[in-house]
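I'm opening a fresh notebook page for this protein. The plan is to look things up one at a time and jot down what I find.

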Amino acid sequence: MGNATAPIPSDVLDHVSIAVPDLEAAADFYRDNFGCTVGDVIEVPADNMRIAYVELANIKIELMQPLDAGSAVGKFLARNPSGGIHHICVATPDADGAAVAAGAAGLRILGEGGTRPGHHGRKLFFLHPKDCMGTLIEVEETD
Ligand code: CO
């Protein structure tokens, strides 16, 4: 790990996440064109979406299909109807500590301000893209 005393110490890019209008079509795209393995569809009712992971050797691509046009990902898809890169996700050993340290460093956290459990049960939070050079960054606890 680089500087382990940084507010959000990380040396792992866990996934890149892409919003897609049709999850099965997106999974087929990666299977058919790149020969990738794509995991089973995971329903994420808490976020009104369904997702699947393209499993590359060094990283995952998270495919997200929103089920609600009014959700954050639904609104993103309305602005980008054919889909697009939505966020990147770095992993850190202590997500609660990183959330506190990020706030102290002046980085805004979306939502309630702390971590919340992801569909996988690990804690995560999102940093405001305006504090991150226009990129939505998810921080999740190391697997
Ligand atoms: Co993600």
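**Entry 1: the strands**

I began with β1 and β6, which run antiparallel and are joined by seven bridges. One spot I checked is Ala19, which stands opposite Gly84 in β6. A reminder to myself: I'm working with a predicted model.

Next I followed β6 to its pairing with β9. These two strands pair in the parallel sense, over five bridges. Here I found Cys89 standing opposite Glu138 in β9.

Is strand β6 enclosed or open? I looked up its residues, 84–92, and seven of the nine are buried, so the strand is largely enclosed by the rest of the structure.

**Entry 2: the cobalt ion**

Which protein atoms are the donors of the cobalt ion? I wrote down His15 (NE2), Glu62 (OE), His87 (NE2) and Glu138 (OE), which lie 2.0 to 2.5 Å from the ion. Along the chain, the donors follow the spacing H-x46-E-x24-H-x50-E. His15 sits in strand β1 (residues 12–19) and Glu138 in strand β9 (residues 137–141), so I noted a pair that links distant parts of the chain, 123 residues apart.

Then I wanted to know why the arrangement around the cobalt ion is called irregular. The angles between the four donor atoms run from 87 to 173°. Tetrahedral would need all angles between 85 and 135 degrees, and the upper end of the range at the cobalt ion is 173°, so tetrahedral is out. For comparison, I copied out that the ideal angle for four tetrahedral donors is 109.5 degrees.

I also checked how covered two of the donors are. His15 has a relative accessible area of 1% and Glu138 has 5%. The cut-off for buried is under 20%, so His15 and Glu138 both count as buried.

**Entry 3: salt bridges**

How many salt bridges does the structure hold? I got nine. The background idea is that side chains of opposite charge can pair when their charged atoms come close.

The pair I looked up to start with was Arg31 and Asp28, whose side chains meet at 2.9 Å, N to O. Both lie in helix α1 (residues 23–34), three residues apart, which is about one turn of the helix. Arg31 is partly exposed at 36% relative accessibility, and Asp28 is partly exposed too, at 35%.

Then I turned to Arg116 and Asp47, a salt bridge at 3.7 Å, N to O. This pair links distant parts of the chain, 69 residues apart: Arg116 is in strand β7 (residues 116–117), while Asp47 is in the loop between β3 (42–44) and β4 (49–55). I have Arg116 down as partly exposed at 36% and Asp47 as partly exposed at 29%.

Asp143 and Arg122 came next, meeting at 3.5 Å, N to O. Asp143 lies in the segment after β9 and Arg122 in the loop between β7 and β8 (123–127), so their salt bridge ties together parts that are 21 residues apart in sequence. Are these two partners buried or exposed? Asp143 is exposed, with 77% relative accessibility, whereas Arg122 is buried, with 17%.

One last note for this page: salt bridges that share partners join Glu24, Glu43 and Arg50 into one network.

Conventions:
Residues are numbered from 1 along each chain as its sequence is written. This is a predicted model: local features need pLDDT of at least 70, side-chain atom pairs count only at pLDDT 80 or more; totals for chains, interfaces and linings use all residues. Side-chain values use heavy atoms; hydrogens and water are left out. Donors are N, O and S atoms within 2.8 Å of the metal (3.2 Å for Na, K and Ca); water is not among the atoms, so sites may look incomplete. Four donors count as tetrahedral if all angles lie between 85 and 135 degrees; four count as square planar and six as octahedral if opposite donors are over 155 degrees apart and all others between 65 and 115; anything else is irregular. Helices (H or I, at least four residues) and strands (E, at least two) are DSSP runs, numbered from the N terminus. Buried means under 20% relative accessible area, exposed over 50%, partly exposed in between (1.4 Å probe, protein chains only). A salt bridge is a side-chain nitrogen of Lys or Arg within 4 Å of a carboxyl oxygen of Asp or Glu. Two strands pair if DSSP finds at least two bridges between them.
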